[in-house]
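I opened this structure to look up how its ligand is held, and I set down my entries in the order in which I made them.

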Amino acid sequence: MTNSGLTSNSTADEARVVDAVPTGLFIGGSWRPAASGRTLTVDDPATGKVLCEVADASPQDGMDALAAAVAAQAAFAAMPPRERGEILRRAYELIMQRIDDLALLMTLEMGKPLAESRGEISYAAEFFRWFAEEAVRIDGGYAVAPNGASRFLVQKQPVGVCLLITPWNFPMAMGTRKIGPAIAAGCAMVLKPAAQTPLSMNALAAILAEAGLPDGVLNIITTSDAGGVMEPLIRDGRARKLSFTGSTQVGRKLLEQAAEKVLRTSMELGGNAPFLVFEDADLDKAVEGAMLAKMRNMGEACTAANRFLVHRSVAGAFADRLAERMSALTVGRGTEDGVDVGPLVDAKGRDKVTELVRDAVDRGATVRVGAVPVDGPGYFYQPTVLTDVPLQARLSAEEIFGPVAAISVFDDEDEAVAAANDTEFGLVSYLFTENVTRALRVSERLEAGMIGLNTGLVSNPAAPFGGIKQSGLGREGGKVGIEEFLETKYVAIGFGG
Ligand code: NAP
């Protein structure tokens with residue numbers, strides 16, 4: 001029997017990659033059905049059709065996964081760091097060898113065009129390559145106490161069993177960004193991918209098993225009952241860390257649950273990125289950056305430029321050029337050649353974009369291009385540019401999560417910075433200026449964990465990714481990424497006398 005119902009209308013490749021993915025729960029190194037026998041469906045957002053069914057875990061399945069991770073923890077923590085690094089390195093090689101199939105699988109479950117899926121797979125694999133190298137760089141310290149009477153030995157140890165929860169918008173990279181450092185640090189884990197996009201993580205689990213990851217170190221549970229399955233695991237106390245990527249709303253709830261047993265937490269939450277274009281910007285760079293910051297992932301990214309704030313003197317030219325570029329994009333199923341913009345993930349996502357655009361227009365915004373949902377099947381929305389957007393419009397405060405560029409104007413730097421910071425979020429801000437003094441001054445004043453200075457892309461496995469304010473806690477990637485999975489232990493050494 002095959003996983004997918006893909007036959008007559010789909011290519012053989014599509015059916016082959018879906019059929020190759022394990023669809024059970026991955027617990028203790030084996031794939032098994034949910035104890036209840038229940039399954040949940042995975043749809044293709046470009047067609048609305050069912051791709052396949054995967055196991056639908058119950059709270060008991062979740063507890064089994066936690067028990068498997070707990071059983072694996074001590075031996076894995078004792079595995080030599082070089083061996084943990086080599087597992088990651090082998091997995092990196094395997095992912096890159098299979099990039100075409102993994103990209104197709106991601107496009108089918110999530111919708112993004114194949115070229116973007118390939119980009120994400122390679123970005124995701126880089127976290128394994130990076131953390132393969134970091135596994136052997138975990139160090140500590142030795143120091144003489146100020147009064148000379150004792151010595152301090154500082155060592156780093158794995159934090160212990162981790163609970164990892166990931167969203168649908170980057171189905172592979174949001175997983176490897178957590179799994180990579182957890183393996184490097186020596187932590188066993190239970191990961192719950194988003195119900196809409198479980199296939200990429202299942203494919204990755206199979207690759208890690210093939211790369212030699214010991215049974216029970218990575219357990220994957222797919223479920224339609226995220227809260228019901230994860231809350232008992234968070235409150236159990238045997239897991240010592242919760243790492244979550246998703247909305248601020250759910251992140252807040254999880255922080256409350258994690259407080260009960262005082263878990264270490266990393267929170268990669270929502271954003272509302274301002275994109276500032278000053279009068280001294282290079283407009284070619286700014287438009288290029290805008291296309292990347294807005295249209296990567298169809299705008300369904302926490303880093304997506306949500307508010308374009310442009311100096312009045314260049315706002316007209318910037319809007320004209322952006323509108324021209326946006327109207328030249330081809331919307332369609334991500335598997336097809338020449339498609340730039342795939343579907344949004346579901347009807348709810350598309351309806352929210354429609355509603356936010358309508359609200360902005362009702363409040364006086366002008367539609368330069370787009371502003372139309374595309375009739376189904378699939379959840380498409382035309383790339384859109386709005387100008388004269390009042391700052392009171394809902395899309396100035398809420399994540400649009402779609403291909404809509406909303407442009408407002410400012411007259412001076414103070415006004416621009418005040419508008420940029422007027423949000424509870426603080427993930428990323430983009431800033432375009434050719435004036436180096438202004439670049440540094442405004443970068444310091446912007447309230448964000450990351451600044452894109454004359455670039456529309458900040459994501460890089462070797463850099464510390466994360467937000468301030470209600471965009472999150474902690475950092476993923478870079479040198480600090482592994483620290484999130486390590487505890488610091490200090491041994492006081494009596495020294496003579
Ligand atoms: P979401 O609704 O918060 O869901 C994220 C994950 O949490 C999914 O796996 C979801 O499972 C699970 N979840 C939902 N409710 C839960 C609960 N009560 N207990 C435990 N888990 C629960 O977010 P989303 O819509 O998937 O993703 C979009 C959001 O993620 C945006 O706000 C975006 O900005 C943010 N994001 C942030 C970053 C970053 O690095 N800062 C990166 C990517 C995305 P189900 O799928 O089953 O609902």
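The entries below go from the ground rules to the surroundings of the ligand.

I am working with a predicted model, in which local features need pLDDT of at least 70 and side-chain atom pairs count only at pLDDT 80 or more, while totals for chains, interfaces and linings use all residues. Residues are numbered from 1 along each chain as its sequence is written, and side-chain values use heavy atoms, with hydrogens and water left out.

I looked up the neighbours and found that 29 residues surround the ligand, a residue being near when one of its heavy atoms lies within 4 Å. The closest are Thr-166, Arg-177, Ser-247, Leu-269 and Glu-399. By type, the shell around the ligand divides into 17 nonpolar, 8 polar and 4 charged residues, where Asp, Glu, Lys and Arg count as charged, Ala, Val, Leu, Ile, Met, Phe, Trp, Tyr, Cys and Pro as nonpolar, and the others, Gly among them, as polar.

Next I noted distances to oxygen atoms of the ligand: a side-chain N or O atom of Glu-399 lies 2.6 Å from one, a backbone N or O atom of Thr-166 lies 2.7 Å from one, and a polar backbone atom of Ala-195 lies 2.9 Å from one.

Where does the ligand lie with respect to domain 1 and domain 2? I found that domain 1 (11-269 + 472-489) and domain 2 (273-461) both give residues to the shell, so the ligand lies between them; these bounds come from an automatic or database domain assignment.

Conventions: Polar contact = N/O pair within 3.5 Å; in protein donor to acceptor, adjacent residues only side chain to side chain.
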